[in-house]
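Here's a quick tour of one chain, going from charged pairs to packing to a bent helix. Have the structure open as you read.

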Amino acid sequence: MIAQFIKKQLLLIIRNPQVLLILIGMPLILITILGFALGSVMNGEEVSVKAKIAIIEHGDSDQELDHFLKKLESSKLPPEAKSAISQSAKQLLPVEQLKSEVLKNPELKKYISVHEIEPDALKETKNDDSYSVIIEIPEGFSGQILSSMFLEEEERPQLKLYRNEGKELTSNLAEDLLTSFQEQYTLAAKIGASNDSILSADTMDTAIKGKVSNIEDREPLTSITYYAVGMSVMFVLYIASNMGSFAYQEKEDHVFDRMILANVSIWKYFASILLTTIILAALQLGILFGICAIFYGVTWPDLGSFLLVTIALSLAVGSIGALLTSLNYRANSEEFSNFFSTVIVTIFAFVGGSFGEMFSSDIMRNIGNLTPNGAGMTAYFKLFQGYPLSSIQTEILMLLLFSIIILILAVLLFPKEGGTAK
């Protein structure tokens, strides 16, 4: 009898092309679009970022240096200090340092291009949308900076930065470079002033340091792999809502009442709903991952562990389908299935990470792993990266515990007579 129920319910799904399109076609479309669209970012490939920077200098650094040196000579500082400051000032002209050590640094050429513009072309440059930022350096800037550093004058000049709001990424890059230069320049000045040493460009740490290294020698997750798993574990949840809706339609057609009149055990019908949902979930995951393996090369090193995770996830989906059936029968409507498919699945998808890492905190990641799709994703990812079966015990246990709790609720809520709570 249970086998006949399962066969009937499977035929209902197979003969419904709209449902098949949602369960199979839609995730494959999203996997393809998201996987290739975000491939360069998630695969660690170099992203094309080029900030076009315009520098407009109203003054002349050499003339301003000469003016500063004359001011230094007329100061009351001792000759030794004047000599040290004079040598430091010649090596630390701020505008020249900004150009040579930062903006025209060979290591930054692939990220920024610098164009020196005449002051009378400022208005025209502002109207040129190709520039990410415009750096306007006022007249007397270098001289005032040197006087502030070495002669302790209170006047602190400011350069102007015009940002192109339409180029947020590259304008932020340029602004970060200027902020870093300012911090290094100020630090170098304070260090030199504190020990009366001669400052030089070597005092500033303008080199770009860092390297990329892997903590463990594991297979990296590509964007295709990420979204193949993310979309599959998300759309498998729709199996549960669809089964809940189909079961309610059978109640509307008085199939459930006729079974009671024919003395057919309602638990056989309940078991058929549970088993059909589990079978459909496993079939859907198998089809999606099979297509991704053939066309996108998304495969798992350990097929046995992969099947174990798939079965555990299918059990969780089956229990949800049984619970939605019980709730729909109790409420005498499809509202619970509709609410689950439109609201709960969306929440699970975002919290569980189907669309990407939305939260950086460990707490939110742990909460995401409490959802069936989140636990399934984590387990699939570990297997793909070559982790042993023992590393996914927590996720398997969570899926089984989730299935037991939801199934117990479904059994307790399932109506015993004609779909009405007694």
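Let's start with the charges: searching the whole structure turns up two salt bridges. Keep in mind that this is a predicted model.

One of the bridges joins the side chains of Glu175 and Arg163, at 2.6 Å from N to O. That pair ties together distant parts of the chain, with Glu175 sitting in helix H9 (residues 168-195) and Arg163 in strand S4 (residues 160-163), twelve residues apart. Another bridge pairs Glu395 with Lys382, at 3.4 Å from N to O. Here, too, distant parts of the chain are linked: Glu395 belongs to helix H18 (residues 393-413) and Lys382 to helix H17 (residues 372-384), 13 residues apart.

How do these residues sit relative to the surface? The table lists them.

| Residue | Relative accessible area | Status |
|---|---|---|
| Glu175 | 28% | partly exposed |
| Arg163 | 31% | partly exposed |
| Glu395 | 7% | buried |
| Lys382 | 23% | partly exposed |

Glu395 counts as buried because its 7% falls under the 20% cut-off.

Now for a polar residue in helix H14 (residues 303-331), namely Ser314. Is Ser314 buried or exposed? With a relative accessibility of 0%, Ser314 is buried. Leaving aside residues up to four places away in sequence, Ser314 touches Ile278, Ala281, Ala282 and Leu285.

On to the nonpolar packing. In soluble globular proteins, nonpolar side chains tend to be buried together. The largest nonpolar core has 73 residues, and the members touching the most others are Val229, Tyr269, Trp300 and Tyr380. Take Trp300: again setting aside residues up to four places away in sequence, its contacts are Val229, Phe289, Phe306, Tyr380, Leu383 and Phe384. There's also a second, separate core of 31 residues, with Ala89, Leu108, Ile112 and Leu151 among them.

Last stop, helix H2 (residues 17-37). What span should its 21 residues have at 1.5 Å a residue? The expected figure is 30 Å, and the end C-alpha atoms lie 28 Å apart, so the two agree. H2 does have a kink, though: about 35 degrees at Gly25, shortly before the proline Pro27. Both Gly25 and Pro27 are buried, and other buried residues in H2 include Val19, Leu23, Ile24, Leu28, Ile31 and Gly35. An α-helix has 3.6 residues a turn, so residues three or four places apart point the same way.

Technical notes. Residues are numbered from 1 along each chain as its sequence is written. This is a predicted model: local features need pLDDT of at least 70, side-chain atom pairs count only at pLDDT 80 or more; totals for chains, interfaces and linings use all residues. Side-chain values use heavy atoms; hydrogens and water are left out. A salt bridge is a side-chain nitrogen of Lys or Arg within 4 Å of a carboxyl oxygen of Asp or Glu. Helices (H or I, at least four residues) and strands (E, at least two) are DSSP runs, numbered from the N terminus. Buried means under 20% relative accessible area, exposed over 50%, partly exposed in between (1.4 Å probe, protein chains only). Contact means heavy atoms within 4.5 Å. A nonpolar core is a set of buried Ala, Val, Leu, Ile, Met, Phe, Trp, Tyr and Cys residues joined through side-chain atoms within 4.5 Å. The expected span of a helix is 1.5 Å times one less than its number of residues. The bend at a residue is the angle between axes fitted to the seven residues ending there and the seven starting there.
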